[in-house]
Amino acid sequence: FLGDLDVDFFGGQLPSSGGRTFPLVRLRTARGPLSWRHAELMVGQDQPLVADLDPVSLASIGTPGFTAAGNLWLWLPQVRATVQTAGRVRLGAQAAVLAPTSGDPNGTFDTQFDAAERTGFPYLEGQVRAQWGEGDGEGTVAVGYHTGRLADALDVERESRAVTVTLQVPMGRRFEFRGEAFDGQALRGLGGGGIGQGLGVGGAPVRTRGGWGQLNLKATPRLLIGGGAGMDDPEDADILAGGRVRNTTSEAHLHWRPSGPLVVGFEWRRTMTEFVSGSRTNQHLNLAFGFEF
């Protein structure tokens with residue numbers, strides 16, 4: 001048995017004159033896996049089984065990179081079971097039961113059921129995968145399926161579903177490609193799928209497809225250079241007036257570890273969101289200093 005807890009300080013601020021310097025602790029993941037030689041049972045809070053890979057980043061901390069641009073990331077309570085073969089290429093199958101969520105924003109002390117919870121059914125996910133290598137040289141190819149239910153404004157149940165593909169492929173000793181892709185509908189509850197739009201015209205699920213990819217080069221043992229792009233492209237016919245019809249993000253990063261635990265990072269990110277009525281673009285420049293231990 002091994003357990004781990006991951007928290008940060010992105011839980012908001014206290015309502016006070018110094019609120020910005022009084023951040024609230026937020027739970028990210030809490031995992032308690034019970035492992036055997038060829039099987040594992042995990043109870044806790046983690047990313048969706050079908051989209052459990054994130055891009056490398058020192059800038060995207062509060063939410064992972066390519067959120068609402070191809071990355072289905074939201075940490076959800078779940079029970080997950082895994083069986084896997086041994087050998088140079090390890091074949092595995094996984095299944096998970098997750099707490100349902102529609103992604104609706106909550107008010108202060110809001111304990112009402114959201115559109116997914118009102119159905120009384122959990123999210124269900126399954127995945128088959130192949131893995132090889134160890135440590136930094138580990139590779140993964142996986143295909144997953146997600147299904148769940150949402151209740152619209154009239155309590156008519158709508159289906160949330162997705163087919164996903166995950167790739168993490170080392171190329172020699174220096175390069176690595178990682179990425180995910182999905183095709184489905186009503187995926188707002190998994191972390192912004194459909195650009196944060198779950199149900200659209202007439203209460204129907206917003207159909208969407210998207211994904212992200214990132215290439216990383218370990219130029220030296222202490223210098224990592226990389227870049228990538230992500231996209232989420234809902235069906236225009238499903239989008240309400242004033243809604244978002246396409247979201248794309250591009251990024252480039254440089255991470256330097258000069259000595260000991262010190263890490264320095266510089267990242268650039270550009271996001272363009274297309275609305276029914278036009279488009280908006282913004283760019284972020286981020287300089288990060290930190291310690292790894």
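**Two pockets, by the numbers**

Visitor: How do the residues of the lining of the largest pocket divide into nonpolar, polar and charged?

Guide: In this predicted model, the split is twelve nonpolar, 17 polar and twelve charged. Gly counts as polar here.

Visitor: What makes a residue part of that lining?

Guide: A lining residue has an atom within 4 Å of a pocket point. For the largest pocket, 41 residues line it, and R31, D46, Q47, D52 and L53 lie nearest its centre. Of those, D46 is called charged because Asp is on the charged list.

Visitor: Which elements give two or more residues to the lining of the largest pocket?

Guide: They are β2 (26-35), β3 (39-46), β4 (76-84), β6 (123-132), β7 (139-151) and β8 (157-171). The largest share, five residues, comes from β2.

Visitor: What volume goes with the largest pocket, and what with the second largest?

Guide: About 1100 Å³ for the largest pocket, and about 850 Å³ for the second largest. Each figure is the space filled by probe spheres set on the points.

Visitor: What lines the second largest pocket?

Guide: There are 31 lining residues, with V56, D136, L224, R257 and E292 nearest the centre. β8, β9 (175-185), β10 (207-220), β11 (223-234) and β14 (278-291) supply at least two residues each, and β14 gives the most, with four.

Visitor: How does the lining of the second largest pocket divide?

Guide: Into 14 nonpolar, seven polar and ten charged residues. V56, one of those nearest the centre, is called nonpolar because Val is on that list.

Terms used:
Residues numbered from 1 in each chain as written. Predicted model: local features only at pLDDT ≥ 70, side-chain atom pairs only at ≥ 80, totals over all residues. Heavy atoms only, no water. 1 Å grid on protein atoms, 1.4 Å probe; cavity = no way out; pocket = protein on both sides within 12 Å on 5 of 7 lines; lining within 4 Å.
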